[in-house]
Amino acid sequence: MGPDELSEPADPEAGPAEPLPAGAPPAELPPAGPPPAEPPPPELPPTEILKPSRAGRNLRAAIVVGLLMGGLALVTLFTIKIIFLIYVAAVIALGLWELTRVLEARSIRLPLIPVAAGGAVMLGLAYYRGERPLVAALALTVIAILAWRMAGGSAGYLRDVTAGIFTLAYLPLMASFVALMLAAPDGSRRVLAWIVVTICSDIGGYLVGSLLGRHPMAAVISPHKTWEGFAGSALACVVAGVLLVPLLLHGAWWQGVVLGVAAVGAATLGDLSESMIKRDLQIKDMGTVLPGHGGVLDRIDSLLITAPVVWLLLLVFLAH
């Protein structure tokens, strides 16, 4: 008998214990000591470790939302261009709202009013007046941010002003290059080329990376991004550029190659930069307004960074 059994008092109503029959083996007692440890689970191969987890993501919803956003962009882009510009401004406003919320959670007070008002002015001036008024509006908005935050006192002034200037550059300034592209006589086709090339980077990287991804590209920043996926993005972007530049914009095929290579570099940088921001803020997604995607900023991160790159290359290639 074990020590626990000896410590229990005898039950007076139970009566004497019945003797074991002759020749019966004694009852086996459980072995003393802790139970044996379970064997460790088998290690996953590298492909399983690097394979993107879609837990919590509704792929069907993501596809439907992507198609709706793309369809709305196409309809407004090739009907009345100013409506497309309003669509862009609405997307940027949602992104600004998302960024304000996540920064507030880290006690960063974004000067929202001057950033939003100045950003709207920048978009309008870029479309109607061009690059020079855009630069002037950018500088005046920075001055407005410096003045606006003074009312909040000196505590955290540099932190909040820096966040405001970063947000101004990351959202309204990047979107202003879309307005500059749109203002050209063939602006709708330029903007379409920008959208398609950037989306091809995302699609090519996802398909090739999920099927063949083995070598992490930036494991600390984005564990699921692989060099194989980057190769898929590059191939898709170059093919899209070679097709779109001659067919839509009457340029040379080699200009499409350059556009594709530059776009995949910018799109990858935009994706990694967004991942760095979220890691710094210790969040998974920027928001929840887009089912299957997360937030608006989770969807447009690549588009933001490719916009000035594509605008500049098309300005050089298509100058007449």
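These legends walk through four close-up views of a predicted model.

**View 1. Helix 5 lies alongside helix 7.** Start with helix 5, residues 112–128, and helix 7: their axes sit 8 Å apart, and the angle between them is about 20°. That makes the pair roughly parallel, because angles under 35 degrees count that way. If you care about handedness, this crossing is right-handed. On the helix 5 side, look for Val 115, Gly 119, Met 122, Leu 123, Ala 126 and Tyr 127. Helix 7 answers with a list that includes Gly 164, Thr 167, Leu 168, Pro 172 and Leu 173, and also Ala 179, Leu 180 and Ala 183. Sorted by class, the contact has 13 nonpolar and 4 polar residues, with no charged ones.

**View 2. Helix 7 meets helix 8.** Here the axes of helix 7 and helix 8 come within 6 Å and cross at roughly 135°. So helix 7 is oblique to helix 8. Val 178, Met 181 and Leu 182 are the helix 7 residues in this contact. From helix 8 come Gly 187, Ser 188, Arg 190, Val 191 and Trp 194. By class, that gives 5 nonpolar, 2 polar and 1 charged.

**View 3. Helix 8 crosses helix 11.** Helix 8 covers residues 187–212 and helix 11 covers residues 296–317; their axes come within 9 Å, crossing at roughly 130°. The two helices are therefore oblique to each other, and their crossing is right-handed. Arg 190 and Trp 194, already met in the contact with helix 7, turn up here too, along with Ile 195, Thr 198 and Asp 202 of helix 8. Their partners in helix 11 include Arg 299, Ser 302, Leu 303, Thr 306 and Val 310. Sorted by class, there are 7 nonpolar, 3 polar and 3 charged residues in this contact.

**View 4. The second largest pocket has several helices in its lining.** Now for some empty space: the volume of this pocket is about 240 Å³. Of its 18 lining residues, Ala 184, Pro 185, Asp 186, Arg 190 and Leu 318 are the closest to the centre. Arg 190 is worth finding again, as this residue also takes part in the contacts of helix 8 with helix 7 and with helix 11. Helix 7 (157–183), helix 8, helix 9 (227–249) and helix 11 each bring at least two residues to the lining. By class, the lining of the second largest pocket splits into 11 nonpolar, 3 polar and 4 charged residues.

Note on methods: Residues are numbered from 1 along each chain as its sequence is written. This is a predicted model: local features need pLDDT of at least 70, side-chain atom pairs count only at pLDDT 80 or more; totals for chains, interfaces and linings use all residues. Side-chain values use heavy atoms; hydrogens and water are left out. Axes are lines fitted to C-alpha atoms, for helices over the stretch in contact, and angles run from 0 to 180 degrees between N-to-C directions. Helices (H or I, at least four residues) and strands (E, at least two) are DSSP runs, numbered from the N terminus. Angles under 35 degrees count as roughly parallel, over 145 as roughly antiparallel, 65 to 115 as roughly perpendicular and the rest as oblique. A crossing is left-handed if the near helix is turned anticlockwise from the far one by less than a right angle, and right-handed if clockwise. Contact means heavy atoms within 4.5 Å. Ala, Val, Leu, Ile, Met, Phe, Trp, Tyr, Cys and Pro count as nonpolar, Asp, Glu, Lys and Arg as charged, and the others, Gly among them, as polar. On a 1 Å grid over the protein atoms alone, a cavity is a set of points where a 1.4 Å probe fits but cannot get out, and a pocket is an open set with protein on both sides within 12 Å along at least five of seven lines; lining residues have an atom within 4 Å of a point. Grid points are joined across faces, edges and corners, and a volume is the space filled by probe spheres set on the points.
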